[in-house]
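Colleague: I am new to this protein and would like to be led through its model step by step. Could we take it as a short exchange of questions and answers?

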Amino acid sequence: MRTIHHVIDIDTEPATLWSAITERDRLAAWWSTGVETGPAAVGELVHWTFAGDFHPTMKITALERLSS
């Protein structure tokens, strides 16, 4: 199994970040255009498509909106 750990600093409002990581169209706009997911919910699977043979499926294990 491959593991990727990303740490990034993002200079934006919490609401903007929340939508960028929980809405399919927003996710597709900044990381990979091939993304399939249902509504953001614990247990939901997110399927990604990248070049080559790397097509990970990620599972949402926690979802906590941070206040600004």
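**Reading the model**

Colleague: Which residues does L27 touch, leaving aside residues up to four places away in sequence?

Modeller: This is a predicted model, and its mean pLDDT is 85, with 96% of the residues reaching 70 or more. Not counting residues up to four places away in sequence, the contacts of L27 are A20, I21, S32, V35 and W48.

Colleague: Which residues make up the largest nonpolar core?

Modeller: L27 belongs to this core, together with two of the residues that L27 touches, V35 and W48. At least two residues of the core come from helix 2 (24-30), and at least two come from strand 2 (45-49). The six residues of the core are L27, A28, V35, V46, W48 and I60.

Colleague: Which element has the lowest mean pLDDT, and which the highest?

Modeller: The protein has two helices and three strands, which follow one another from the N terminus as α-α-β-β-β. Among these elements the lowest mean pLDDT, 84, belongs to helix 2, and the highest, 91, belongs to strand 2.

Colleague: Is I10 buried, partly exposed or exposed?

Modeller: I10 lies in the segment before helix 1 (14-22), and with I8, L17, I21 and W30 this residue makes a nonpolar surface patch of about 470 Å². Buried would require under 20% relative accessible area and exposed over 50%, so I10, with a relative accessible area of 44%, is partly exposed.

Colleague: What percentage of the residues of the protein count as buried?

Modeller: The protein exposes about 5,500 Å², of which carbon and sulfur atoms supply 54%. Of its 68 residues, the share that counts as buried is 19%.

Key
Residues are numbered from 1 along each chain as its sequence is written. This is a predicted model: local features need pLDDT of at least 70, side-chain atom pairs count only at pLDDT 80 or more; totals for chains, interfaces and linings use all residues. Side-chain values use heavy atoms; hydrogens and water are left out. Patches are made of residues with over 30% relative accessible area and no salt bridge: like charges are joined within 9 Å, nonpolar side chains (Val, Leu, Ile, Met, Phe, Trp, Tyr) within 5 Å. Accessible areas come from the Shrake-Rupley method with a 1.4 Å probe; for residues, only the protein chains shown count as cover. A salt bridge is a side-chain nitrogen of Lys or Arg within 4 Å of a carboxyl oxygen of Asp or Glu. Helices (H or I, at least four residues) and strands (E, at least two) are DSSP runs, numbered from the N terminus. Buried means under 20% relative accessible area, exposed over 50%, partly exposed in between (1.4 Å probe, protein chains only). A nonpolar core is a set of buried Ala, Val, Leu, Ile, Met, Phe, Trp, Tyr and Cys residues joined through side-chain atoms within 4.5 Å. Contact means heavy atoms within 4.5 Å. pLDDT is the predictor's confidence in each residue, from 0 to 100.
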